[in-house]
Amino acid sequence: MVRIFAAGSGLVPFSRPATGRGYQKMASDAARAALDDANVKYSDVGACVCTYNYAAPTAGQSAIYDLGLTGIPIFNANNNCSSGSAGLFLGRSLVLSGQYDVVLCVGFEEMDGGLSEPFQDKASPTARQFDFMYNELGIKKGKIAPKMNDFTSDIIKLFSEAGQEYCKKHGVSEGIFAEIAAKNRLHGQQNENAMLASKKPPPTAEQIAAQPRLFGCLTSGMAAPTGDGAAAVVLVSERWVQEHEQQFRAVEILGQALVSDTPESFEGSVAALAGISMAERAARDAYAQAGIVPEEIGAVELHDCFSPNELLLYEALQLARPGTAAEFWGQRQVAANSHGVQHVRQGPQGVVVNPSGGLESKGHPIGATGLGQAAELICQLRRTAGRRQLEPAPRIAVQHNFGFNGGAVVTVWGAPTGMPRRMTPSELEGARKFASGWGNAEEFSMSFSSGAAGMKGELPGDLRGTFFRNGPGVMDVYGTKLAHPIDGDGLIGKLTFHGDGRASFVARFVETATHVKEREAKKMLFHGQMASRAPTKDYRFRDPSHTNVFAWGGRLLTCHEYTLPHEMDPRTLRTIGPTDLGGTITKTKSFCAHYRVDQHTDRLVTVSFRPERPSFGGPGRPSQLHICEFDRCWALQAEAYHEIPGLNYCHDLVVTPSYYVVHQTPFVKVNLEAAQKILTGEQLPGEQMKLNKELPCRLLLIPRKGGEPILVDLPEPCHVYHFGHAVERNGLLEVDFVALGANFNMEFQHGLWLSNGEDQPGLLVTARIDLATSRCISYRQADACSCEFPAVHPGRHVIGPSDDLPRYTYLMANDNGLRVPFTHVVKVDRRWEGRQSYGFEGCSVGEPCFVPRPGAKAEDDGYIIVQVFEPTKRNTSFAVLDAQRLSEGPLCSLDLQTFLPNAFHGTWSNEVFEAPQPSSRL
């Protein structure tokens, strides 16, 4: 998957024609601004594309030579009014070819007046279109004003007739065109680069309707004024972005299509001749390339040469369904940003169309228009549009540019997703203190009450239930230091909220057989899975049962994916012992760390796996995947069992109405050589986790009603431990997960995190799958922060067809632009509207757990419980935050006043499991 980005943009103010600025100066000024914005020297540019219509051949060289004489290829192009976007298309193609890492696109125009065809003694390139207009559509040829040429007159008539055609067909009042024009003037009022920017109030729809009539439904206020101007964009390769660490600024071209006339342009519709059919096809192609759906679009810059064209484009760009453009316009509201600048949001998704003011406000210097549109969207997506910044900023934006007989160009832009950076040496030195979050702990218990030591703030009165957490409680086993926290034995924490302002905490180890034997022997007897070797020749692995803990159907289970779960008494945390759940998981004899609850069926969905066993002269064993659905009595209600070649690791799953979804990682390879290294002690399993380029990276879609797994290859290699949401809707499946990229391994790097997080941060991504083709059509980073442990509403694990689409994911993250340590809880909004973050200064945090408020309707109406570690005091606490106002910080903090090691995972139960009181005798 080749990715192309805009690293910088620049433009000079658009103005009335014949201002005397000269195209050379305008173009070179815009180019310099774009290069400066990208922090690129002209000597680093590999090629240049120049677009214009009203200048002599090689005018591009004349404009660009002022920047330097470097000998690079310079292309001159024109495509009528779509010239700027056509140049962008050509520039992108040059970078896509792999020949160039940096291409400069410059569009400019110095006009004498309106539109014209300068070579009157030669065949007109638009003769086919105008002949069809005159002879087939019945639109009369000729000037509409004495001082206006035939070409301009006929273009005005074409778009007027297209607007009237639509209004007649759909019963729409022509007054809508003045309303659209007034909206664009409102948006352009404070655009310093717009030709019609003014400190005066923008004209109203009534005032625009009353302006001199051009033709039919059009007045002069509904037409884009032609003029002078220049704009430029610097396009770069993904390699350049990575080498220059510009992920936080580079805006990606997710998809782009240029469509010229097709037979449909000449099939009897005025709108089709005016480019609407070309726009429809270009939008379909560009959206398919980008893998987006129209509901994701937050901003649009479209070719409003005349306001009727904007109305027609609402449908062509799929913002509105066919025949509902007027309805889409009617669903609008005026919203002001934090600077008080107003924007009109349209349709149910609140898209802003022409935030720049569009051509009707900005002006229409023909060769610069498309690049001017791009410059506007780049600023909006980067959040650098100043006073005019859309709030919330869009994550996806669409650009449409049309040229009569030139084509329609649709470009889909994606906001910078960012890449957290490595620490400087001094930052790393300061972060080393967080390594003390791993260590040995003792079993203990304590209680909290309002006003007593340890409680800061007040517990919410409606917070009643139990938070369980699990994690390694040792890093030193009777004098033998563990090399990795994942090798430590599980220590369960039970934090009970009694609902009356009191809370209590208990910590107990999971009494696995290996834990008990080592305690009795007072030495380390068993190896760890990661990198910890016991001082013994007996090559057996420890059973830590440390990864997760949850309550279901009156039972409390602890999990570690390679072994059976252990059951504990939820009241006392006494270990009852390992369980195969009544014989239901004997096929794999394991139980993965994570589960889902299908709230529609009230079933617990669990996953187990067993890696393949190579043949050592006898029969081997294929890898096995076993998914079970239990009711609250732990009766097995459904199951899926598959032998899947190459599936040698599984940690989590997500569930939709139709599918169970797991990840097949390319980071675990099982063969005879790897097995022999493990059996001889040369390597431990965790030490073998690295990218195997020959292995597939896939999502496996397991049909819930039976059938073979569907294999969906992902476009980039990654390892997935944890999923967020999964949404199955309209033939698409969207899956959120934290992706660990190609450099991932399980090195306990700097003692800060479980993997090499400083080399390979975890990033929240969304993969979109076309279920009809079983193909991943989009794979995009969903947030910029380095993160792990995504958490969602526990009552919305399975999104049904009539359920509201999920919005919120809560992350353990670093939101300071670094990769580690994790110091923040981040709330990510899938609509990109309500992102919040709270950083615990000087502290690290664990996995956030979302607790719904009793009776809550809103998805985020509830609390976040998170474990917090303060390294300077080596002290642990639990914080309770309001999920709707997460950025305001904790409502209450429960200080354990002792050390509790970092945890892995935790879960919430609405039950309060009171310990039995000792009986008394008379």
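Which side chain does E179 meet in a salt bridge? In this predicted model, the partner is R332, with a distance of 3.9 Å from N to O. The two residues belong to distant parts of the chain: E179 lies in helix 6 (residues 176–188) and R332 in strand 10 (residues 332–336), 153 residues apart. E179 has a relative accessible area of 31% and is therefore partly exposed; R332, at 37%, is likewise partly exposed.

The structure holds 46 salt bridges. Another of them joins R239 to D101, whose closest N and O atoms are 2.8 Å apart. This pair also links distant parts of the chain, since R239 sits in helix 8 (residues 238–243) and D101 in the loop between helix 3 (83–96) and strand 4 (102–109), 138 residues away. A salt bridge within one helix is found between E673 and K677, at 3.6 Å between the closest N and O atoms. Both residues lie in helix 17 (residues 672–679), 4 residues apart, about one turn of the helix. Salt bridges that share partners also join E296, E734, D736, R768, R780 and R830 into one network.

Turning to the strands, an open sheet of 5 strands follows the order 15-21-20-17-47 with antiparallel pairing. Its edges are strand 15 (444–448) and strand 47 (905–909), each of which pairs on one side only. Within this sheet, strand 20 (residues 490–498) pairs with strand 21 (residues 503–509) over 7 bridges, and the bridge partner of G493 is A507 in strand 21.

Strand 24 (residues 566–568) and strand 25 (residues 575–578) pair in the antiparallel sense over 3 bridges. They form a hairpin with 6 residues between them, where L573 in the turn has a positive phi of about 65°.

Definitions and conventions
Residues are numbered from 1 along each chain as its sequence is written. This is a predicted model: local features need pLDDT of at least 70, side-chain atom pairs count only at pLDDT 80 or more; totals for chains, interfaces and linings use all residues. Side-chain values use heavy atoms; hydrogens and water are left out. Two strands pair if DSSP finds at least two bridges between them. A salt bridge is a side-chain nitrogen of Lys or Arg within 4 Å of a carboxyl oxygen of Asp or Glu. Buried means under 20% relative accessible area, exposed over 50%, partly exposed in between (1.4 Å probe, protein chains only).
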